[in-house]
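Morning, everyone. I have one structure to show you today. Let's put it on the screen.

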Amino acid sequence: MNDYKPRYSNDLSGRALLCRDVIRSAGALVLCGFKASAERGFSLKGPQDFLTETDAASEAHIREAIAVHFPEDAFLGEEGGGTVADCVWVVDPVDGTANFARGIPHFCISITYVEHGSAEIGAIYNPALDELYFCRRGGGATLNDKAITVSSTASFDAASVEMGWSRRVPDETYLETMRQMLEKGANVRRGASGALALAYVADGRSDAYVELHMNAWDCLAGLLLVAEAGGIVCPFLEIGSLLDGGPVLASTPAIAAGVSVASGIPIRGREQAVELQLA
């Protein structure tokens with residue numbers, strides 16, 4: 001692959017470097033597809049679930065780069081599937097495809113490297129805005145190489161919470177969770193890209209994100225970003241799985257306990273947000 005440096009060390013540092021390189025090159029490919037609006041086409045995979053030609057091209061690009069440089073690593077992608085192993089890359093080649101297909105520049109690529117059941121490297125890139133979120137476990141989180149932290153919002157009546165929606169969960173459950181958020185005083189919104197929603201919690205643009213069921217490729221990078229930016233997250237790989245997905249919660253610390261109670265999703269961190277604010 002001439003698009004990448006010829007060698008990456010066979011360790012986390014080498015994989016982090018490849019992750020940065022390949023997410024940007026995939027981003028260039030995705031942005032070209034987005035700009036070619038007159039020729040862009042999509043087909044429905046299911047209700048409100050769009051598959052663009054760019055999804056498949058982006059995933060193939062990322063899969064090939066990883067196979068060239070780390071052939072022993074497994075790959076799990078939204079479009080082409082894959083396998084789970086001790087070392088696996090989990091990839092959403094375009095998250096927010098409904099936005100992409102309609103010419104809305106709110107979409108991204110999400111890549112996570114998981115080793116022995118632990119997310120170690122995470123990257124989310126919105127090529128339309130040239131915003132690259134990146135993190136390594138224990139190393140903090142960055143946006144375009146500048147350190148980021150979650151918001152300092154201290155109460156629900158000042159909070160902006162984003163919620164994702166899944167057909168795997170009854171509408172009544174989703175609506176009840178939203179009702180409880182509104183009752184607490186939060187502003188509730190939806191941007192139609194779960195990965196970017198999590199990135200926005202990490203950099204303080206949002207105060208929390210909740211989705212009652214989410215696929216691993218949509219959320220793993222974002223959950224690691226939020227944790228590394230000082231936020232509170234759910235133990236996704238304990239309450240869900242790489243193959244089947246699960247519920248997702250990420251929040252700035254002060255409102256995490258309330259978000260957990262409203263959604264029924266457990267959290268981890270800051271002593272479980274002070275034992276759900278002393279119940």
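Start with Asp73 and Arg15. They form a salt bridge, and their closest N and O atoms are 2.9 Å apart. Keep in mind that this is a predicted model. Where do the two residues of this pair sit? Asp73 is in the loop between α2 and β3, and Arg15 is in helix α1, so the salt bridge ties together parts that are 58 residues apart in sequence. Are Asp73 and Arg15 buried or exposed? Both are buried.

Now a second pair. Asp145 and Arg20 meet through their side chains in a salt bridge, at 3.1 Å from N to O. This one also links distant parts of the chain. Asp145 lies in the loop between β9 and β10, Arg20 lies in helix α1, and 125 residues separate them. How accessible are they? Asp145 has a relative accessible area of 58%, so it is exposed, the cut-off being over 50%. Arg20 has 26%, so it counts as partly exposed.

Next, a pair inside one helix. Glu59 forms a salt bridge with Arg63, with the closest N and O atoms 3.3 Å apart. How far apart are they along helix α2? They are 4 residues apart, which means about one helical turn between them. Glu59 is buried, at 3% relative accessibility. Arg63 is partly exposed, at 30%.

There is a network too. Salt bridges link Glu131, Asp203 and Arg205. The count for the model comes to 10 salt bridges.

Let's move on to a sheet. It is open, it has 5 strands, and its pairing is mixed. What is the strand order? Read it as β12-β11-β13-β15-β14. Why is one side of β12 and of β14 left without a neighbour in the sheet? These two strands stand at the edges, and each has a single partner strand, so one side stays free of a neighbour.

A quick reminder on pairing. Strands of a sheet pair through backbone hydrogen bonds, either parallel or antiparallel.

Look at β13 and β15. They run antiparallel, and 5 bridges join them. Take one residue as a marker: the bridge partner of Glu211 is Val248, in β15.

Which strands does helix α8 touch? Helix α8, residues 253–263, packs on the sheet and touches β11, β13, β14 and β15. Its direction makes about 155° with that of β15.

Last, find helix α4, residues 171–184. This helix lies across β11, β12 and β13. It runs at about 175° to β11.

That's my tour. Thanks for listening.

How values were computed. Residues are numbered from 1 along each chain as its sequence is written. This is a predicted model: local features need pLDDT of at least 70, side-chain atom pairs count only at pLDDT 80 or more; totals for chains, interfaces and linings use all residues. Side-chain values use heavy atoms; hydrogens and water are left out. Two strands pair if DSSP finds at least two bridges between them. Contact means heavy atoms within 4.5 Å. Axes are lines fitted to C-alpha atoms, for helices over the stretch in contact, and angles run from 0 to 180 degrees between N-to-C directions. A salt bridge is a side-chain nitrogen of Lys or Arg within 4 Å of a carboxyl oxygen of Asp or Glu. Buried means under 20% relative accessible area, exposed over 50%, partly exposed in between (1.4 Å probe, protein chains only).
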